[in-house]
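Reader: Could you take me closely through the main pocket of this model, what lines it and how the surrounding sheet is put together?

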Amino acid sequence: MLFMGILTWKPEKRDEVIQRRIQWKYPEGVKRIGEWSDLPGNRVFSLAEIDDPKAMLAAASAWSDIANLEIVPLMETDEVLKLLEAEKAMR
């Protein structure tokens with residue numbers, strides 16, 4: 001399943017976050033699809049495919065001491081529309 005991780009930190013944590021990210025590797029079980037930085041702010045958006053919740057927990061816990069992490073499950077819009085159409089047809 002796809003997940004978008006949104007990592008946000010306080011400005012005074014910037015250098016610590018940068019240093020950790022340079023050294024940090026995604027844990028086994030997390031297939032990184034892409035990662036983008038919010039240039040005017042203190043955020044990073046990471047898109048990953050994760051099948052095992054343990055891998056997601058390992059990735060999230062590595063940042064909990066210096067940043068907030070929001071994890072959002074995602075699905076391709078075409079797939080969502082198919083599911084919604086099928087649900088509508090069942091009513």
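Author: Two strands count as paired if DSSP finds at least two bridges between them. In this predicted model, seven bridges join strand 1 to strand 3, and these two strands run antiparallel. Within that pairing, Leu7 stands opposite Val44 in strand 3. The wider setting is an open sheet of four strands in the order 2-3-1-4, with antiparallel pairing; strand 2 and strand 4 are the edge strands, each pairing on one side only, and the twist averages 20 degrees from one strand to the next. Helix 2 packs on this sheet, where it touches strand 1, strand 2, strand 3 and strand 4, and its direction makes about 150 degrees with that of strand 4.

Turning to the pocket itself, the largest one has a volume of about 410 Å³ and is lined by 26 residues, of which Leu7, Tyr26, Glu35, Ser46 and Trp63 lie nearest its centre. Two or more lining residues are given by each of strand 1 (2–8), helix 1 (14–23), strand 2 (30–38), strand 3 (43–50), helix 2 (53–61) and strand 4 (68–74). The largest share, five residues, comes from strand 1, the strand that is joined to strand 3 by seven bridges. Leu7 therefore deserves a second look in your viewer, as a residue that stands opposite Val44 and is also among those nearest the centre of the largest pocket. By class, the lining of this pocket has 19 nonpolar, four polar and three charged residues.

Definitions and conventions: Residues are numbered from 1 along each chain as its sequence is written. This is a predicted model: local features need pLDDT of at least 70, side-chain atom pairs count only at pLDDT 80 or more; totals for chains, interfaces and linings use all residues. Side-chain values use heavy atoms; hydrogens and water are left out. On a 1 Å grid over the protein atoms alone, a cavity is a set of points where a 1.4 Å probe fits but cannot get out, and a pocket is an open set with protein on both sides within 12 Å along at least five of seven lines; lining residues have an atom within 4 Å of a point. Grid points are joined across faces, edges and corners, and a volume is the space filled by probe spheres set on the points. Ala, Val, Leu, Ile, Met, Phe, Trp, Tyr, Cys and Pro count as nonpolar, Asp, Glu, Lys and Arg as charged, and the others, Gly among them, as polar. Axes are lines fitted to C-alpha atoms, for helices over the stretch in contact, and angles run from 0 to 180 degrees between N-to-C directions. Contact means heavy atoms within 4.5 Å.
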